[in-house]
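Work through the exercises below with the sequence and the 3D structure at hand. Try each task before you read its solution.

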Amino acid sequence: MNRIFSILFLLLLVAGCKPTATIITSKAEAQKRGIYRVPENKTLVINHTQIEDLIAKAKIAPPIKSVVPTVVPEKKAPKYILNEANDPDYFVSDDNASYLVQQLIHAASDEIGTRYRAGGTSSEGYDCSGLMYSTFMKFDIELPRSSAEMSQLGRKLDRDEIKKGDLIFFHTRGKRHINHVGMVVEANAKEIKFIHSSTQQGVVISSTSEPYYAQTFAQANRVLE
């Protein structure tokens with residue numbers, strides 16, 4: 001009988017030690033039993049101030065925006081080129097030409113480029129004697145109106161006597177008598193340069209080194225002593 005009681009006691013003891021809960025071995029089982037819940041998916045929003053605070057706490061220097069410096073082009077001073085070269089057809093030598101002669105040459109040179117005009121005595125057009133006549137008249141010196149008559153004035157010169165301000169004469173277009181006149185602006189042993197009004201080019205400076213004027217040269221006269 002005692003043995004039966006002992007067996008019953010052991011059975012009751014084992015039954016009292018049986019676990020009252022099942023062991024949970026996965027999240028799915030825990031969710032099923034209501035012990036675990038998946039957290040809701042939320043978006044993290046951080047404003048500009050919070051970012052700066054985070055950077056400051058982490059002691060991280062914020063990225064430096066690259067700044068391209070604005071290059072202001074240097075202003076260059078305008079170039080002023082001084083042309084000291086004389087006109088290729090005209091230059092002034094260091095001789096002893098009188099002030100009146102210099103002014104006569106300057107007055108005639110102001111008309112360079114004016115067209116040829118038969119009988120002309122103004123800036124609208126000149127013939128050869130008209131240019132000489134109007135140039136001298138600006139200084140109250142009255143010359144005859146034709147080149148032939150002008151060749152009778154003053155003193156006829158030898159070739160080596162010719163200088164600035166003298167009148168120089170030609171017989172052009174195959175004629176034997178003088179029919180063209182100009183005023184000497186430069187003279188040396190090689191050539192004589194003179195200003196005149198040509199039928200082709202108007203008022204220009206030409207030279208006796210040009211074959212045409214070398215062949216048609218007649219004489220030179222000095223009307224101003």
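**Exercise 1. Find the residue of strand 5 that stands opposite Ile195 in strand 6, and then follow the pairing onward to strand 7.**

Solution. Met183 stands opposite Ile195 in strand 6, and on the strand 7 side the bridge partner of Ile195 is Ile205. Helices (H or I, at least four residues) and strands (E, at least two) are DSSP runs, numbered from the N terminus. This is a predicted model, in which local features need pLDDT of at least 70 and side-chain atom pairs count only at pLDDT 80 or more, while totals for chains, interfaces and linings use all residues. Residues are numbered from 1 along each chain as its sequence is written, and side-chain values use heavy atoms, with hydrogens and water left out.

The next step is to look at the strands as pairs, where two strands pair if DSSP finds at least two bridges between them. Strand 5 and strand 6 are paired in the antiparallel sense over four bridges, and a hairpin of four residues joins strand 5 to strand 6. Strand 6 and strand 7 are also antiparallel, over six bridges, with a hairpin of three residues joining strand 6 to strand 7. Ser197 offers a further check, since its bridge partner in strand 7 is Val203.

**Exercise 2. In what order do the six strands of the open sheet stand, and why is one side of strand 3 and of strand 7 left without a neighbour?**

Solution. The order is 3-8-4-5-6-7, and the pairing is antiparallel. Strand 3 (155–156) and strand 7 stand at the edges with a single partner strand each, and therefore one side of each has no neighbour in the sheet.

**Exercise 3. Decide which residues lie on each face of strand 6, and whether these faces are covered or open.**

Solution. Begin with the general rule that in a regular strand the side chains alternate between the two faces of the sheet. On one side of strand 6 are Ile192, Phe194, His196 and Ser198, and on the other are Lys193, Ile195 and Ser197; both faces are covered, as these residues are all buried. Buried means under 20% relative accessible area, exposed over 50%, and partly exposed in between (1.4 Å probe, protein chains only). Because seven of the seven residues of strand 6 are buried, the strand is largely enclosed by the rest of the structure.

**Exercise 4. How many residues of helix 5 are buried, and what does Ser129 touch?**

Solution. Eight of the 10 residues of helix 5 (residues 128–137) are buried, so the helix is largely enclosed by the rest of the structure. Among the buried residues are Cys128, Leu131, Met132 and Phe136. Ser129 lies in helix 5 and is itself buried, with a relative accessible area of 6%. Contact means heavy atoms within 4.5 Å, and, not counting residues up to four places away in sequence, Ser129 touches Arg145, Ser146, Ser147, Met150 and Val181.

**Exercise 5. Compare three loop residues, Asn179, Arg173 and Asp140, and state whether each is buried or exposed.**

Solution. Asn179 is in the loop between strand 4 (167–170) and strand 5 (180–187), and Asn179 is buried, with a relative accessible area of 12%. Leaving aside neighbours within four places in sequence, its contacts include Cys128, Ser147 and Phe170. Asn179 and Ser146 are 33 residues apart in sequence and 8.0 Å apart in space, C-alpha to C-alpha.

Arg173 is found in the loop between strand 4 and strand 5, but Arg173 is exposed, with a relative accessible area of 56%. Asp140, in the loop between helix 5 and helix 6, counts as exposed at 73% relative accessibility. For the backbone, recall that most residues other than glycine have a negative phi. Arg173 has a positive phi of about 60° although it is not a glycine, and Asp140 likewise has a positive phi of about 60° without being a glycine.

**Exercise 6. Of the whole protein chain, what percentage of the residues count as buried?**

Solution. Of the 225 residues of the protein chain, 30% count as buried. The secondary structure of this chain comes to seven helices and eight strands. Residues 24 or more positions apart account for 51% of the contacts in the chain with a separation of 6 or more.
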